[in-house]
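Below is a set of questions and answers for someone new to this structure. The sequence and the structure come first.

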Amino acid sequence: MEEVLLISRFMTRTLILLSLCFMWVPPGVVCRTGNASASSSSSSSSSLRPKVINIGSLFTLNSVIGRAARPALQAAIDDVNADPTILNGVELKLVLHDTNCSGFVGTVEALQLMESEVAVAIGPQSSGIAHVISHVVNELHVPLLSFGATDPTLSSLQYPYFLRTTHSDYFQMYAVADLVDLFGWREVIAIFVDDDYGRSGISVLGDALAKKRAKISYKAAFSPGDPKSKINDLLVEVNLMESRVYVVHVNPDTGLNIFAVANALNMMSGNYVWIATDWLPTYLDSMEAANPDTMNLLQGVVALRRYTPDTNLKKSFMSRWKNLKYNGSASPAGFNSFALYAYDSVWLAAHALEVFLNEGGNFSFSKDPTLHVANGSMLHLESLHVFNGGQQLLSTLLRMNFTGLSGQIQFNPDKHLVHPAYDVLNVGGTGMRRIGYWSNYSHLSIVPPESLYTKPPNLSTGSQHLYSVIWPGETTAKPRGWVFPNNGQPLRIAVPNRVGYKEFASKDKGPQGVRGYCIDVFEAAISLLPYAVPRTYMLYGDGKRNPNYNELVSQVAQNKYDAAVGDISIVTNRTKIVDFTQPYMESGLVVVAPVKEAKSNPWAFLKPFTKEMWFVTAAFFLFVGAVVWILEHRINHEFRGPPSQQLITIFWFSFSTMFFSHRENTLSTLGRLVLIIWLFVVLIINSSYTASLTSILTVQQLTSGIQGIDSLISSTVPIGIQDGSFAFNYLIDELNIAESRIVKLKNPEAYLKALELGPKRGGVAAIVDELPYIELFLASTNCLYRTVGQEFTKSGWGFAFQRDSPLAVDLSTAILQLSENGDLEKIHNKWLTHRECTMQINQVDENKLSLSSFWGLFLICGIACVLALTLFCCRIITQYRKFTPEGEEAEAEEIEPARSSRRPPRSPSIKQIIDFVDRKETEIKELLKRKNSNESKQQSIHGSDGQASSPA
């Protein structure tokens, strides 16, 4: 920070020395117009309110902005002095100095202004002069309110006392970037004045466009005083370039010369786009009446103007404009938006001074100890004083918040006015038409910005729109925004000079010099464009071997060619350096290997099912047989007998259901339910097995020792690839295959020979190449070979262009149109019609029926079996609780009649339960019936005995 202060003080002293050398005045003649009650000594009391406060102003009086600012400033001073509610008892005095559009004169005038001990300085309008004066006010602690210096760099921390009371060009350039993005343009040419104002604004524009994936393709700068001849040379140069979107950022006093020269060069006709910053509306608003000659120069121009709300304050001020003091015209001439900002600057200073004085601010000036007079010097540096309350007044200014003519006057933490906004205008006829607004809150819209501040910001692409624009040439169709450079050079298109697969691209003796499928697609797409594309085809490669496609794409990126047309795969490393069109053919790497017919297998009948399927099916056969046996055993004599016979019955019944040949009848309801569901499952399994086995035994089965790319990676056999293909780098870099294993082959004949030889005789075990080539190769070999495995990369073929080429976008749209109308398929059939081959070998393992296809059936059958067993067990338990063997009961009563009542009943043994379950259902029912009858008789006997023993 100390270094910055030292540099600032050094620059200030240098300017003071240079200036005072030209403006020396004898000490006795120096006019002190200081404040009436404010002493210049450091001992002046801060408790006394001064009666007069000097407000300095510094700008070019005879300029478009100056002619509007002067009457506005004086009107504001008069209005403040006439208002008893503000600065009561204190008069503001305007000290006016003219910079005369000169940086040197502006510096001299600034030093003279500082001698007047001003509390606040207003101006300048020039960004260049503002840079210089900012050093002076930094040294003397005088706040500088600028209504016209829009250079974004003035907001830096280097200038703490600079406060902008208008909007910075930072926001305006982002508005221009949004306009460019809205219409889809990607390159613009910036035409600007080569000073601080122009350079800084265009620098911000470049940053703003970069965020929209656009750019400034050329910066055309000229000096402020350049004659029309130099401007003519500049525009002739830019007219030879590709971009037709021009952003003009110049001064309002001389900017019209640009359009006068452009009109003479016929650059205001169709397909041109002109975007002007706020300088143009400032100039046009200041005109007394619309000049037809001037308006004819500007037809179709889109411009930005600082937006100010149409409030009653603004309308009242504009109605007073022609009667204002220092207004040189008795009409609205000379008025522009800068008049509003100048007026508000005075009121900002007045409000801040009111608060400053009420808070007891130190309104005094003191000598700067760093500005001392050298021995024998006549510079009189002691006449410059430091404002002691400058820091406090600056803080007060930053806290102000009120509504002025230009809208809300309030500063954000970056010292910018809040709510920056612009009108978007379109010049047409004899005036300007508003087509929308731009604000930092919601960007482009057709709704006034103040109505959007109460709503959530909407920056989506769909919400950005304007009314229709009438472009140069009196057309509403959006200009393309670019043309082919008008330098006599056609588009240089590189075409790979292939050795093999010449159906895609090859040398030709015709006028074009090339032919093939890719060339026809490109020509068909070009024919759909709404403009002519001058082009020349240039073969790339020596014709002895296929060229390296990575090197071809690099040549396009290095501007040796404008584009590359051919069978060029869109892969990652290429998209980093060039732009590709929409793919016009799908592609991807596949593996081709020799195949042979599979030999007959005596165990082929096992192939339809997987091992898991066989195991689960067999288990369910046994499980269902056991469940049916349990359910039928008590009531069906066919399921009874010795244990060996019952076991045989279970197995026989289980597997006989496979052929629906079981001879045992089911009698129980639960057994029939289980059997019906199981027979349905068996029907589905039998049908599926029969169909799969038929396919295996009747369809030709081809096998290969290579199963796909994974088996190639794990092996050590040589692999063939096409010479020049990206597959070479892919196999090495991505799949880590040793380079020594890769064999480059230049044409289909080399493919065939290498596969016939095989890896043991100097050939290859398989070939890795892109799908379109493989389709042609298989057709040429009468389908002798097959692809194995799956396509292991997905890509496509496209046309390569230099980065940000607009032709790539237009051709992508044309390729989509070719695909939709069927022309792309017609071109494909013309060049690539071939015999259809079954691309992949049959994978028997992949066709096996697995458990995943049938687990739902098994689940249903299993649930039915479990449910039936549960109901059966519940019924058995209920019967067993009711049943007590009679023999055991009688025996117990005879042996121990006395203790029978005291002994708890014994729990039933497992043998008893099994014996109970094994009994026939009819036998159990007979025993239960007999038991119920005996119990009834016993109850009758006990009842009669009781009556006999009772007294008569």
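The questions and answers that follow concern a predicted model.

Q: How far apart are the closest N and O atoms of Arg492 and Asp562?
A: Arg492 lies in strand 18 (residues 491-496), while Asp562 sits in the loop between helix 15 (549-557) and strand 22 (563-564). The two are 70 residues apart in the chain. They nevertheless form a salt bridge, with the closest N and O atoms separated by 3.1 Å.

Q: Is Asp562 buried or exposed?
A: Buried means under 20% relative accessible area. Asp562 has a relative accessibility of 18%. Because that value falls under the cut-off, Asp562 counts as buried.

Q: Which class of exposure does Lys830 fall into?
A: Lys830, in helix 25 (residues 823-832), pairs with Asp520 in helix 14 (residues 517-527). The relative accessible area of Asp520 is 22%, which makes Asp520 partly exposed. Lys830 has 58%, and the class "exposed" begins over 50%. Lys830 is therefore exposed.

Q: How many residues apart in sequence are the parts tied together by Asp579 and Arg803?
A: Asp579 and Arg803 form a salt bridge, and their closest N and O atoms are 3.2 Å apart. Asp579 belongs to strand 23 (residues 579-580), whereas Arg803 is in the loop between strand 33 (800-801) and helix 24 (806-821). The pair therefore ties together parts whose separation in sequence is 224 residues.

Q: Which residues are linked with Asp285 in a network of salt bridges?
A: By the rule used here, the model has 22 salt bridges. Asp285 takes part in a network of them. The other members are Arg305, Asp423 and Arg434.

Q: What is the phi of Leu87?
A: Most residues other than glycine have a negative phi. Leu87 has a positive value without being a glycine. This residue lies in the loop between helix 2 (64-82) and strand 2 (91-98), and is buried at 2% relative accessibility. The phi of Leu87 is near 50°.

Q: Where does Asp804, with its positive phi, lie?
A: Asp804 is not a glycine, yet has a phi of about 65°. With a relative accessibility of 31%, Asp804 counts as partly exposed. Its place is the loop between strand 33 and helix 24.

Q: What is omega for the peptide bond that joins Gly123 and Pro124?
A: Most peptide bonds are trans. The bond joining Gly123 and Pro124 is cis, and Pro124 is in the loop between strand 3 (120-122) and helix 4 (127-140). Omega for this bond is about -5°.

Q: How much space lies in the largest cavity?
A: The structure contains two cavities of 30 Å³ or more. The largest has a lining of 13 residues, and those nearest its centre are Tyr549, Gly724, Ser725, Glu770 and Tyr773. Its space comes to about 80 Å³.

Q: What share of residues 849-872 is helix?
A: An unreviewed UniProt entry places the feature "transmembrane region" at residues 613-631, 673-697 and 849-872. Residues 613-631 are 100% helix, with end C-alpha atoms 27 Å apart. For residues 849-872, the end C-alpha atoms are 35 Å apart, strand makes up 0%, and the helix share is 75%.

Q: Which residues form a nonpolar patch on the surface together with Phe651?
A: Phe651 is found in helix 18 (residues 643-656) and is partly exposed, at 41% relative accessible area. The patch has about 260 Å² of accessible area in total. Its other members are Leu622 and Leu647.

Methods: Residues are numbered from 1 along each chain as its sequence is written. This is a predicted model: local features need pLDDT of at least 70, side-chain atom pairs count only at pLDDT 80 or more; totals for chains, interfaces and linings use all residues. Side-chain values use heavy atoms; hydrogens and water are left out. Patches are made of residues with over 30% relative accessible area and no salt bridge: like charges are joined within 9 Å, nonpolar side chains (Val, Leu, Ile, Met, Phe, Trp, Tyr) within 5 Å. Accessible areas come from the Shrake-Rupley method with a 1.4 Å probe; for residues, only the protein chains shown count as cover. A salt bridge is a side-chain nitrogen of Lys or Arg within 4 Å of a carboxyl oxygen of Asp or Glu. Helices (H or I, at least four residues) and strands (E, at least two) are DSSP runs, numbered from the N terminus. Buried means under 20% relative accessible area, exposed over 50%, partly exposed in between (1.4 Å probe, protein chains only). UniProt positions are given in the numbering used here, feature names are shortened, and annotations may be inferred rather than shown by experiment. On a 1 Å grid over the protein atoms alone, a cavity is a set of points where a 1.4 Å probe fits but cannot get out, and a pocket is an open set with protein on both sides within 12 Å along at least five of seven lines; lining residues have an atom within 4 Å of a point. Grid points are joined across faces, edges and corners, and a volume is the space filled by probe spheres set on the points.
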